[in-house]
Each structure stands twice: as structure tokens, then as C-alpha cells.
Amino acid sequence: MTAEDRPGAVVVLGMFVAARYPDLLPAAAARGLRVLGVDEDSPFARHYDDARRADPGHPMAPIAELAWHEGTDRAGVIDTVSGWAAAYDVRGVLVFGEGFVETGAVLADLLGLPGPGLRAGRVCRNKLLQRRYLAEWSPRSRLLPTADAADWTTFPAVLKPLDGQASAGVSRVGSAGELAAALARPGFAAPMLLEELVPGPEVSVEALVHDGRVRFTGITGKLTNEDSGRFFVELGHTVPDVALTAAQQAAVRAVNEQVLRRLDFRDGVAHAEYRVTPEGVVRLMEIAARPAGDSIITLYGLATGEPMEPAMLAVALGEGVSYPEPVRWARQKYVPHTPGVLTGMRADGLGVPVTWLRERWFFPAVRPAPDAGVRMIMMGRAKGDELGEIRSSADRSATYLIDAPTPAALDELTRSCDAAIRVETDPGERADG
């Protein structure tokens, strides 16, 4: 097959993480590009694959090729995509799965395609490297168990796995005694970072980068469960952020650009998390060389009126890109639950049905409207599942998406949703009987 005969294509790593973005495949099709997907072989991903094979109307149905590889199987991914490159004109690599971040950077470099770059790909996948490369903007930290924790005196502090994701294993320690107890727990073997707990509001920064220049920056407000316990699980996102002052937002944007320059970030989507102290100091929590998780990208579509997926595709193809500033406010919030076996979910009076993800295995497309409105209510678990304490993102169950023309209207709608939506559990039963 000659080069002219090969159809254009884009490789998507973490294919079914992208399933929450139903505008992605249409954006590729509009450019005449086939989508070649790679994902880790898990029950979750297999359910998506079964659903899209069974339903021609499924948003993921148009995937042209699909391969199963673990994120750490760099050789396997490269070998598979190299084979595809003989049949397709591969023009870009999009990474959605965190485990594929470094592999995606290497793959783009190997194929001579736009990408974040080898330094950015490596550093963004390792929290210790982030602390060392980006020390100017980072809290003080120490690697455990390599270093001695006995003389650490700054409390409260945070313990986090070196290569973790989705807030798993991240916890607060309030004293030297709590730290010693945490380090003595059975199974403590993986490298951990011990670092200062930075006070102040937390935000994430979504950046579209082309040729080393930031073409769009959005600041997303965050809500976590840290005030009710020792964990740091994200329970809400607001686009654009409403907590920081204009001066604080300018400081966050400036630091984010400096961080991206230090990483020599070339082309792609960056998702960084920062805290702003009461003194106005911006501190980096972490940075990822991939789009934001949860439904943050969808929130930008609601807030701006334009889906972000085509812009993300453009930077992956190495094209100049523009994306509008928000003109509305949008929010995602996760619904609390009482630990127990899931029996149902109620959302009375909101005018939007509950989508049970595990019955259909795709996210509905959502669009803004002039008035404030509930755009999606979703249960991500199945009846009969046992719901426990929320210690990581995987422990969450239900969520809703809303948008409004003003922050006040958004807050009012949030109160209505919080009052109406209930996750029903049986605390007296366990899934194992």
C-alpha cells in the first residue's frame, strides 16, 4: 500500500477512558481520520467493548482498530502501532489513560509526531520527578522508605504513593505518631512521598499547548472530602473557578506556564493541580500530560458552548488551536452515600432521568441551554454493589452535571440537586451476604 492509499488515523491510548467524551470520535471523523484504540484489558473496558460491538449507534462503535495492552507494556504498544502504521497514515497520538502517558510520549517521538516531549512524558508520570524537576513551585517533600522520617516535624503532612492515581492511597497524617503508625501498617513497601500539607483552595489548570506555547488556559475549582477525614478524593469541579481572586488566578496561570516551560512541554493537553496559600503563594500538587479526568472536559463544553474534543485533537495533530473562554458556569458534583449495598437511586423533581452507566456503557452527550439546568445524572455502580467509605475516586458512586448563566444560579441549582438526589443503600447488608 502506498502512502497515498493509507487512510489517515489517530491513535488513542486509554480508549475507554475517552468513552465519557462522545464528541471525540465525531471530531476525528469530521477530519476523515480513523480511530485506532489501545486500552488495558480490564472488566470495565471489556464491558465498553462489548457494548460498542453490540450497538452500531454506540459512540465508540466507529473504532477502526482495538488492541489490548497494559500501560507498562511499552514494547507491545509500540509494536502494535508500528504495525498499524503500515496500513494507516498515523498523524497523531492522544493519551487519555494515565498509565499510557510515558508510552504515548515515546510513541509520538518515535513516529515523529507532535507530543508533549520525552521529558514531560517521563516527569508527568512520576511524582518524585515532579518534586525534583519542579522544586521551585512544590511543597517540601521526602521519599519513603528510602529517607528517614523520624526527624520530619511539619504536620499535618500528606502521604501519597509515588506512582498512584485517582487519589488512591493519598492520606493526611496529623502527628509524628500517626506517621509512624502509617509506616508500620502491613503492606507498606511501595515508595511513598511525605510532603507538607499546603493550606488553601485547590484548583486544576487545563492547558492546550501547541509548539511549546500555551494557546488556552482554564482554571477549574475543586471540592475534596479532606475536611471530613484524612483523604483527598475529588468530589466536585466548577468551571470556571469561583473561589480565587483575579490576582490569584493570574498567579496560577503564570506559575503553570513556568512549569510547562521547565518540562519543555511541546504539544498536547496538560492537566495540573495547584493550591494557593492564604499568603497567595501558588504550590504545585501534580501535573499530568493528558486531559483532565472525571467530566472536566465536558464542563468546559457546557461553560463555553463548544466541545473541547476537537481542540484536543488539533493539538495532538500539531495544529495551531484556539478555544473560547467560558461564558457560563458549569459544575460536576459527586453524591455522598451511606456505606452498604446499593439498592437504588432517586432524583425526584429535577426533570432528568438517572443514567445507569453499567446498563448502557456510554455517557450521554450533553449540551448547554440558555437557562440553568441539570444536564446529566449518572450512577456509575450497579445495584447489588457494596459501597464503602470514599477513600479514592474508585469508591465514588453517583454524580451530576449542571450549568447556569451566573455563579449564583449555579449555587442555587446545586442546592436543589443536593436536596433531591439520593443514593439508596442497605447499610445492614453486605454484598457477600
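Pro240 lies in the loop between E11 and helix H8 (246-262). Helices (H or I, at least four residues) and strands (E, at least two) are DSSP runs, numbered from the N terminus. The model is predicted: local features need pLDDT of at least 70, side-chain atom pairs count only at pLDDT 80 or more, and totals for chains, interfaces and linings use all residues. Residues are numbered from 1 along each chain as its sequence is written, and side-chain values use heavy atoms, with hydrogens and water left out.

**Exercise 1. Backbone geometry**

Task: Describe the peptide bonds that lead into Pro156 and Pro240, and give the sign of phi at Asp211 and Asp264.

Solution.
Step 1. Between Val239 and Pro240 the peptide bond is cis, with omega near -10°.
Step 2. The bond from Phe155 to Pro156 is also cis, and omega there is near 0°. Pro156 belongs to the loop between E5 and E6.
Step 3. Asp211 is not a glycine, yet its phi is positive, about 55°. Asp211 is in the loop between strand E9 (202-210) and E10.
Step 4. Asp264, another residue other than glycine, has a positive phi near 55°. Its loop runs between H8 and strand E12 (268-276).

**Exercise 2. Buried or exposed**

Task: Sort Asp211, Asp264, Ser138 and Thr153 into buried, partly exposed or exposed.

Solution.
Step 1. Recall the rule: buried means under 20% relative accessible area, exposed over 50%, and partly exposed in between (1.4 Å probe, protein chains only).
Step 2. Asp211 has 47% relative accessibility, so it counts as partly exposed. Asp264, at 39%, is partly exposed as well.
Step 3. Thr153 is in the loop between E5 and strand E6 (157-161), and its 65% makes it exposed. The C-alpha atom of Thr153 is 9.8 Å from that of Glu196, a residue 43 positions away along the chain.
Step 4. Ser138, in the loop between helix H6 (127-133) and strand E5 (141-144), is buried at 8%.

**Exercise 3. Contacts of Ser138**

Task: Which partners does the side chain of Ser138 reach?

Solution.
Step 1. State the rule for a polar contact: a pair of N or O atoms within 3.5 Å; within protein, one must be able to donate a hydrogen and the other to accept it, and residues adjacent in sequence count only if both atoms are side-chain atoms.
Step 2. One partner is the side chain of Arg131, in a polar contact of 3.4 Å.
Step 3. The other is the backbone oxygen of Leu134, at 2.8 Å.

**Exercise 4. Aromatic rings**

Task: How many aromatic pairs does the count give, and how do the rings of Tyr48 and Trp361 meet?

Solution.
Step 1. Rings of Phe, Tyr and Trp (its six-membered ring) pair if their centres lie within 6.5 Å; planes under 30 degrees apart count as stacked, over 60 as edge-to-face and the rest as tilted.
Step 2. This rule gives eight aromatic pairs.
Step 3. The centres of Tyr48 and Trp361 are 5.2 Å apart with 75° between the planes, an edge-to-face pair. Tyr48 is in helix H2 (residues 43-54) and Trp361 in the loop between helix H11 (357-360) and strand E17 (373-379), so the pair ties together parts 313 residues apart in sequence. Tyr48 is buried at 1%, and Trp361 is buried at 8%.
Step 4. Phe216 and Tyr300 have ring centres 6.1 Å apart and planes at 90°, so this pair is edge-to-face too. Phe216 comes from strand E10 and Tyr300 from helix H9 (residues 296-304), 84 residues apart. Both are buried.
Step 5. Tyr48 and Trp361 also belong to one aromatic cluster with Phe16, Phe44 and Trp68.

**Exercise 5. Charges over rings**

Task: Over which rings do the charged ends of Arg360 and Lys383 sit?

Solution.
Step 1. A charge sits over a ring if NZ of Lys or CZ of Arg is within 6 Å of the ring centre and within 35 degrees of the ring normal.
Step 2. For Arg360 the ring is that of Phe362, with 4.1 Å to its centre.
Step 3. For Lys383 it is the ring of Trp356, with 5.5 Å to its centre.
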